[in-house]
Amino acid sequence: MLSGEERETLVRWSRRAKSSQALAQRCRIVLGCAEGKSNQDVAAQLGIWPQTVGRWRNRFVARRLAGLVDEPRPGAPRRITDEQVEEVIVKTLEAAPADATHWSRASMAATSGLSKSTIGRVWKAFGLKPHLVDTFKLSNDPQFIDKVRDVVGLYLDPPEKAIVLAVDEKSQIQALDRSAPVLPMMPGMPERRTHDYVRHGITTLFAALDVATGEVIGSIHRRHRAVEFRKFLAKLDAEVPAGLDVHLICDNYSTHKHPTIKRWLAAHPRFNMHFTPTYSSWLNQVERWFGLLTDKRLRRAAHRSIQALEKDIRTWIEQWNSDPKPFTWTKTADEILDRLASYLQRIPGAGH
């Protein structure tokens, strides 16, 4: 006798594409028996032995649906002890090989007496990657906390009747051409290019990212002095509607604090400068946009002249502005400062 729920489950298991063939056949056996058929009739219908039908009929009667699932089979006895795993983890975290700066699977295997595949599985289980290294830089800005709160406040709660622009310049953009033509990608073979290149000059892109809409105002100059930055500010003044205050998020580059810029700002009171802390360019959203520009347009491009490079940059900005995508800032200032505080606790003397 089957309950409605059991019958529904058996039918689903017997038809589901992801069910194993063995499980689907067992479900059909039970469904056939539930119709009042004998073991011989069900066996003939399914093309199996009557003994097989009897075995799964009894399993279902005794354990219901759980009886149709394969029981876990005993595997080979474990050969790696907890002590050996602990030894590998401790050596990975607290020691280094005598002939290298970091462990490899081969060197750890030779030291521990385990196989390289075992070392790889242990490292994967504990999320250890000795071959990787990351970098960091601590800000020494005495106004770090105040500046973080100021910039993050503009992202999360921008002032009314104002526009917030993340501003910076991407300098030293090189017009590079390969010394030989690029060989295109083919089946089984990646795109190939020579490692050497020919320089055709450099240019600088000044960019202002509207953090609310994602649109970018760009200006290209061959140099990046205070004179060029003042021209860029004049362009922003012309393109931003007159009724809006302008809040600019900039880094601490000397060009942004030049007396020429200070005089221009004094003559244009609707412009307000907000500086990120030193060594904290990650706070400026336009840096992320520069990364997209580099990855999608510049890194693998070839330009035979500085004019071709500048045309490519302008075209990419136009394409971006046709469908802009603003970056979503989610971390509050308190969350950033708490995370930094917990990070500093791991670095001796970092808080002084």
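In the predicted model, Tyr279 is placed in the loop between strand 5 (271-275) and helix 11. Its phi is positive, at about 55°, although Tyr279 is not a glycine. Tyr279 has a relative accessibility of 47%, below the 50% that an exposed residue must exceed, and is therefore classed as partly exposed. The loop between strand 5 and helix 11 also holds Ser281. With a relative accessible area of 41%, Ser281 is likewise partly exposed. The C-alpha atoms of Ser281 and Trp13 lie 56 Å apart, and 268 residues separate the two in sequence.

A positive phi is also found at Lys161, a residue other than glycine, where the angle is near 55°. Lys161 belongs to the loop between helix 8 and strand 1. Its relative accessibility is 69%, so Lys161 counts as exposed. Another loop residue, Thr101, sits between helix 5 (82-94) and helix 6 (105-112). Thr101 is exposed because its relative accessible area, 71%, is over the 50% cut-off. From Thr101 to Pro130 the C-alpha distance is 9.6 Å, across a sequence separation of 29 residues.

Strand 5 itself contains Phe271. The relative accessibility of Phe271 is 5%, and the residue therefore counts as buried, the limit for that class being 20%. Apart from neighbours within four places in sequence, Phe271 contacts Leu233, Leu236, Asp237, Val246, Leu248, Trp264 and Leu265. Phe271 and Ala162 are separated by 109 residues in sequence, yet their C-alpha atoms are 9.8 Å apart.

The largest nonpolar core comprises 26 residues, and the members that touch the most others are Leu205, Ala207, Trp289, Leu309 and Ile313. At least two residues of this core come from each of helix 8 (144-156), strand 1 (162-178), strand 2 (197-210), strand 3 (216-221), helix 11 (285-298) and helix 12 (306-322). When residues up to four places away in sequence are not counted, Trp289 touches Leu205, Ala207, Val216, Trp316, Ile317, Trp320 and Phe327. A second core, separate from this one, has 20 residues, among them Leu165, Leu236, Val240 and Val246. Of these, Leu236 and Val246 are also contacts of Phe271.

The second largest pocket has a volume of about 230 Å³. Its lining consists of 13 residues, and those that lie nearest the pocket centre are Ile173, Gln174, Leu176, Leu298 and Arg299. Strand 1 and helix 11 are the elements that give two or more residues to this lining. The largest share, 7 residues, is supplied by strand 1. By class, the lining of the second largest pocket is made up of 5 nonpolar, 5 polar and 3 charged residues. Strand 1 and helix 11 also contribute to the largest nonpolar core, each with at least two residues.

An unreviewed UniProt entry lists residues 168-309 as "domain: Tc1-like transposase DDE". In the model, the span 168-309 is 29% helix and 30% strand, and the C-alpha atoms at its two ends are 19 Å apart.

Key:
Residues are numbered from 1 along each chain as its sequence is written. This is a predicted model: local features need pLDDT of at least 70, side-chain atom pairs count only at pLDDT 80 or more; totals for chains, interfaces and linings use all residues. Side-chain values use heavy atoms; hydrogens and water are left out. A nonpolar core is a set of buried Ala, Val, Leu, Ile, Met, Phe, Trp, Tyr and Cys residues joined through side-chain atoms within 4.5 Å. Buried means under 20% relative accessible area, exposed over 50%, partly exposed in between (1.4 Å probe, protein chains only). Helices (H or I, at least four residues) and strands (E, at least two) are DSSP runs, numbered from the N terminus. Contact means heavy atoms within 4.5 Å. On a 1 Å grid over the protein atoms alone, a cavity is a set of points where a 1.4 Å probe fits but cannot get out, and a pocket is an open set with protein on both sides within 12 Å along at least five of seven lines; lining residues have an atom within 4 Å of a point. Grid points are joined across faces, edges and corners, and a volume is the space filled by probe spheres set on the points. Ala, Val, Leu, Ile, Met, Phe, Trp, Tyr, Cys and Pro count as nonpolar, Asp, Glu, Lys and Arg as charged, and the others, Gly among them, as polar. UniProt positions are given in the numbering used here, feature names are shortened, and annotations may be inferred rather than shown by experiment.
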